[in-house]
Amino acid sequence: MAKTSDYVQLYMTPEGPKIIESATKTKILSLLEEKDLYFDEILDKTGKSKPTLSNHLKILEDRGLIGSKSDPYDKRKKLFHIKAKQYVELSTDIKLNINLKNYFKNCFTQLDNPVDFYALSLRSIRFFLSNNGIDIDPLLVNIGNFMGESMYEQVQSPQTKKLIENMAVFFDKFEAGHVALIGEDPLTIRIDDNFECKNMVNTGTPNCAIAKGSFESIFSIHFQSEVSVEEIKCVAKGDKYCTFVIKKLDKKINLPVKGSIEFI
């Protein structure tokens, strides 16, 4: 299929994977990832005409990427929500300003344990793909989601502080980083020497996608509510450590994977 834009995105839905080549549809999905929106709110943020937006929304809803419900106070108004999760983005704009050969040559001279070696191997995959226009961070977040579900069984506690203490022990055991609670409102966690970005060069963007995904699952199960996880500090942004802010949400997404890839 001919590419119709300078990027495409892969989303996973309950019906299977969907590849989005439309910039407008991608914009709509990005907006709904942040929060549920009414038609007029999406209209204002996209700048499209009502017929054009209606067509995009219908296609996304028919393909299982978004859902909608009527406003309980005004049946003429629809509130839209996302039902899919982004996995991969391919774009001509994705490129790291890093001399990969020099970076890895310098890193290999500093390796002194297996954990650092495997962490560097993960970074090599991410950097290589990024320099070839492929962003796999959304996929790594989803991998973190699956890891977090299993990790919760090892660290669970009805008390949030104790849960985080158990997480710290777990991370220390596998030399994955040093976890500490630094704030409760909102819940804020700091990780020193996180394996995902230890000795990382400054790329200007957060790097800890697996940790983010793990925290999403762990705290969603703990609070019995979906949560948002934002990495506000990261070694990959030039900070000395990584910091995550966790907040409760009111929506849930369940994605059994099946079906074949469909272009939209």
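# Report on a predicted structure

Glutamine 86 is buried, because its relative accessible area is 15% and the cut-off for a buried residue is under 20%. The model in which this residue is described is a predicted one. Glutamine 86 belongs to strand 6. Leaving aside residues up to four places away in sequence, glutamine 86 is in contact with Gln9, Leu10, Tyr11, Glu33, Pro138 and Asn142. Glutamate 33 is 53 residues away from glutamine 86 along the chain, yet the C-alpha atoms of the two are separated by 9.3 Å.

## The five-stranded sheet

Strand 6 is part of an open sheet of five strands, arranged in the order 7-6-1-2-12 with mixed pairing. Strand 7 (134–135) and strand 12 (262–263) are the edge strands, each of which pairs on one side only.

Strand pairing has a general basis. Strands of a sheet pair through backbone hydrogen bonds, in either the parallel or the antiparallel sense.

Strand 1 and strand 2 run antiparallel and are joined by five bridges. The connection between strand 1 and strand 2 is a hairpin that passes through two residues. Leucine 10 has isoleucine 19 of strand 2 as its bridge partner. Isoleucine 19 also stands opposite phenylalanine 263 in strand 12. Strand 2 (residues 16–20) pairs with strand 12 in the parallel sense, over two bridges. Lysine 18 has its bridge partner in strand 12 as well, namely glutamate 262. Strand 2 is mostly covered, with five of its five residues buried.

Two helices are to be described with this sheet. Helix 1 lies across strand 1 (7–13), strand 2 and strand 6 (85–91), and runs at about 50° to strand 1. Helix 6 (residues 137–155) packs on the sheet and touches strand 6 and strand 7, its direction making about 155° with that of strand 6.

## Helix 3 and its surroundings

Helix 3 comprises 13 residues (residues 50–62), which at 1.5 Å a residue should span 18 Å; its end C-alpha atoms are 18 Å apart, so the expected and the computed values agree. Leu53, His56, Leu57 and Leu60 are the buried residues of helix 3. These four lie on the same side of helix 3, because they cover an arc of only 95° around the axis. The face turned away from this buried side carries the exposed residues Pro51 and Lys58.

The buried residues of helix 3 pack against helix 1 (23–34), helix 2 (39–46), strand 4 (66–71) and strand 5 (74–82). Helix 1 therefore appears in two settings, because it meets the buried residues of helix 3 and lies across strands of the five-stranded sheet. After helix 3 comes glycine 64, which has a positive phi near 80°.

## The four-stranded sheet

A further open sheet has four strands in the order 8-9-11-10, paired in the antiparallel sense. Its edge strands, strand 8 (178–184) and strand 10 (227–233), each pair on one side only. Direction ignored, neighbouring strands of this sheet are turned by 25° against each other on average.

Strand 8 and strand 9 (residues 187–192) run antiparallel and are joined by six bridges. Within this pair, glycine 183 stands opposite threonine 188 in strand 9. Helix 7 (residues 160–173) packs on the sheet, where it touches strand 8 and strand 9; its direction makes about 160° with that of strand 8. Helix 8 (residues 209–223) lies across strand 9, strand 10 and strand 11 (242–248), and runs at about 140° to strand 10.

An unreviewed UniProt entry lists residues 186–248 as "domain: 4-vinyl reductase 4VR". The end C-alpha atoms of this span lie 9 Å apart, and the span is 24% helix and 32% strand.

## Backbone features in the loops

Proline 186 is found in the loop between strand 8 and strand 9. The peptide bond joining aspartate 185 and proline 186 is cis, with omega about 0°.

Two other loop residues have a positive phi without being glycine, as tabulated here.

| Residue | Loop | Phi | Relative accessible area |
|---|---|---|---|
| Glutamate 175 | between helix 7 and strand 8 | about 55° | 51%, exposed |
| Aspartate 193 | between strand 9 and helix 8 | near 55° | 43%, partly exposed |

Glutamate 175 counts as exposed because its 51% is over the cut-off of 50%.

Key:
Residues are numbered from 1 along each chain as its sequence is written. This is a predicted model: local features need pLDDT of at least 70, side-chain atom pairs count only at pLDDT 80 or more; totals for chains, interfaces and linings use all residues. Side-chain values use heavy atoms; hydrogens and water are left out. Two strands pair if DSSP finds at least two bridges between them. Axes are lines fitted to C-alpha atoms, for helices over the stretch in contact, and angles run from 0 to 180 degrees between N-to-C directions. Contact means heavy atoms within 4.5 Å. UniProt positions are given in the numbering used here, feature names are shortened, and annotations may be inferred rather than shown by experiment. The expected span of a helix is 1.5 Å times one less than its number of residues. Buried means under 20% relative accessible area, exposed over 50%, partly exposed in between (1.4 Å probe, protein chains only). The arc is that of the directions from the helix axis to the C-beta atoms.
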